[in-house]
Amino acid sequence: PVTETYVVTLNGNKVAEVPSNANRAPGSYTSQLPITIQAGATQGTYQVAITIAAAGQMGQGATSFTVQ
């Protein structure tokens, strides 16, 4: 199994953490996780840290999105 964990922060404060487990074949793959933003969400640039773990290996990545 592959474990993916998405942590969303705003100004260094965690606002969401979403773990996801999936069975995947060995090799490369693309993963997507929809994030719903509630009406009235605080404006700013949100950071998303992604950690992926499988078969004793771990990888990390990051992205961001802005609420205006």
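**Walking through a four-stranded sheet**

Start at valine 48, whose bridge partner in strand 4 is threonine 63. That pair belongs to the junction between strand 3 (residues 44–54) and strand 4, which run antiparallel and are joined by eleven bridges. Keep in mind as you look around that this is a predicted model.

Strands 3 and 4 form a hairpin with two residues between the strands. Check alanine 55 there: its phi is positive, near 50°.

Now zoom out. The four strands make an open sheet in the order 2-1-3-4, and the pairing is antiparallel. Strand 2 (13–22) and strand 4 (57–67) sit at the edges, each pairing on one side only. On average, neighbouring strands of this sheet are turned by 15° against each other, if you ignore direction. As a reminder, strands of a sheet pair through backbone hydrogen bonds, either parallel or antiparallel.

Over to the other pair of strands. Strand 1 (residues 2–10) pairs with strand 2 in the antiparallel sense, over nine bridges. To find your place in that pairing, look at valine 8, which has alanine 16 of strand 2 as its bridge partner.

Threonine 5 is a good spot to finish, and its place is in strand 1. Which residues is threonine 5 in contact with, once its neighbours within four places in sequence are left aside? The list is Glu17, Val18 and Pro19, plus Ala49, Ile50 and Thr51. Glu17, Val18 and Pro19 fall in strand 2 (13–22), while Ala49, Ile50 and Thr51 fall in strand 3 (residues 44–54). Asparagine 21 lies 16 residues from threonine 5 along the chain, and their C-alpha atoms are separated by 8.6 Å.

Methods. Residues are numbered from 1 along each chain as its sequence is written. This is a predicted model: local features need pLDDT of at least 70, side-chain atom pairs count only at pLDDT 80 or more; totals for chains, interfaces and linings use all residues. Side-chain values use heavy atoms; hydrogens and water are left out. Two strands pair if DSSP finds at least two bridges between them. Axes are lines fitted to C-alpha atoms, for helices over the stretch in contact, and angles run from 0 to 180 degrees between N-to-C directions. Contact means heavy atoms within 4.5 Å.
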